[in-house]
Amino acid sequence: MASRGSIVTSGEWAYGEDYVLISNTPLNVQSYQEREGSCSLIFKILHQQYGPLVLKMMVNLLNQTDHDSGQSGTLFLNKQFSAEHSVPISIPYHPNVVHLLHSYNGSTAPFKRYLPLLVPEGLDVDIDMASRTSFLAMREYPFSLKNFVNKFLEHKVKLCLMAKERIREELHLVLLLLLQSLFSLQHLKTSRVVHRDIKLDNFMMRHSGQVVLIDFGWAVNLLKPDGTPTIATEKNDIIAGNSVAWAPEIVAAHNSFQTPTLYSEVYGTSDLYTLGKTFVSVFEVFGFCRKETVTVVSSVQEECRISQLSSTVSLFSTRCVERAPPSVSMSPPPSLSWDASCSSQTVLLWEGSWSATSRYICLVYPHSTHL
């Protein structure tokens, strides 16, 4: 049975026959000098049968010494890009995790004109696109969590609220974003998957305030299809998307690697560590780490009652404390008591947070349509 939102289709989509570009400018390109994400170009398309979608083309470049037939072959493409689509489609549907509608290996011929976006100006090496690469189709997510936070801070001076009310509403907003991010990681944990590239850029948002985790290019299934553990056989297997955000146990395992190691022994809570590091920075820029404001980790306990998430929140609290700078007071709550009557997948956490989120989205994106 197809999961929610699935497009039941197979095979390669042909440009000009199955779909056309709605815009000639990739969604993740601001200029020839500025592009979000180094591994893909993202286009808004109109499919003749399925309507408006987003098509993600994985970057597959080669130089004159490479053999295009090998780099465009199915075995190479599957090895290079398969995690991007195989991991998310291997786990059950969840509203806070990207749902891919279709994936295929296809021709890059219609996209050769975008090569200047991918090759640094002045490079004296003959670089070209491989003739084929991997493509992924999904629904459009209007903006990233990073984009939303940055724009919110830019517009913050426009808020006409008293100090205490503003602080509380902003706290509700950040907690709502944080808890949805925790929902996504809880789902991955239950599905025995590690993402390995947690950052604000990889959390997308809808105008409704829904947060969705995307970009599984670094992800790993901790179990093989036959149920046996996945093993890192080489030192370079113990890596993640951004070395600056590596958890200490990843650094230690990478530096001391000598024998094959179970991925589960290295990546048990590393995604939570990176999420903690990410949100500590958000807490700081919003001013929630000052002594006169409520501690955010404690507020997760005080403001919300979500069942089946207690272990994740406990681990997040511990890892958040690891990431907090010395000037920040962020002690995890001594005990967690959760209301078992609430579903762990409840997105409507509390009315005040959603109303605040809706109001702030209207402020940051005044011409948006709420979906």
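The legends below describe close-up views of a predicted model.

**View 1. The open five-stranded sheet.**
Five strands make up this open sheet, with antiparallel pairing and the order β1-β4-β5-β9-β7. Its edges are β1 (19–21) and β7 (102–107), each of which pairs on one side only. Averaged over neighbouring strands and with direction ignored, the turn of one strand against the next is 35°. Helix α2 (residues 74–89) packs on the sheet and touches β5, β7 and β9 (132–138). The direction of α2 makes about 25° with that of β9.

**View 2. Strand β5 and its two partners.**
Strands β4 (residues 40–47) and β5 (residues 51–58) run antiparallel and are joined by eight bridges. The two strands form a hairpin, with three residues between them. Within this pairing, L41 stands opposite M57 of β5. β5 also pairs with β9, again in the antiparallel sense, over four bridges. One of the residues concerned is V54, whose bridge partner in β9 is M138. Seven of the eight residues of β5 are buried, so the strand is mostly covered.

**View 3. H102 in an edge strand.**
H102 is found in strand β7, an edge strand of the sheet that pairs on one side only. H102 counts as buried because its relative accessibility is 9%, under the 20% cut-off. Its side chain reaches the backbone oxygen of G11 at 2.8 Å.

**View 4. Q180 in helix α5.**
Q180 lies in helix α5 (residues 163–190). With a relative accessible area of 0%, Q180 is buried. The side chain of Q180 reaches the backbone nitrogen of V211 at 3.0 Å. V211 belongs to strand β13 (211–213). Q180 and V212 are 32 residues apart in sequence, and their C-alpha atoms are 8.1 Å apart in space.

**View 5. The buried side of helix α4.**
Helix α4 (residues 145–155) has L145, F148, V149, F152 and H155 as its buried residues. These residues lie on the same side of α4, because they cover an arc of only 135° around the axis.

**View 6. The largest nonpolar core.**
The largest nonpolar core has 46 residues. Those with the most contacts inside this core are V98, L145, L177, L188, F216, L275 and F279. At least two core residues come from each of β5, α2, β9, α4, α5, β12 (203–205), β13 (211–213) and α8 (270–286). Helix α5 gives the most to this core, with ten residues.

**View 7. Surroundings of F279.**
F279 is among the residues with the most contacts inside the largest nonpolar core. Leaving aside neighbours within four places in sequence, F279 is in contact with L145, V174, L177, L178 and S181. L145, one of these partners, is also among the buried residues of helix α4.

**View 8. A second nonpolar core.**
Another core, of 23 residues, lies apart from the largest one. Its members include F43, V59, Y114 and V119. F43 falls in strand β4 (residues 40–47), which is joined to β5 by eight bridges.

How values were computed. Residues numbered from 1 in each chain as written. Predicted model: local features only at pLDDT ≥ 70, side-chain atom pairs only at ≥ 80, totals over all residues. Heavy atoms only, no water. Pairing = 2+ DSSP bridges. Axes fitted to C-alpha atoms, helices over the stretch in contact; angles between N-to-C directions. Contact = heavy atoms within 4.5 Å. Buried < 20%, exposed > 50% of the residue type's maximum accessible area, 1.4 Å probe, protein only. Polar contact = N/O pair within 3.5 Å; in protein donor to acceptor, adjacent residues only side chain to side chain. Arc of directions from axis to C-beta. Core = buried A, V, L, I, M, F, W, Y, C linked by side-chain atoms within 4.5 Å.
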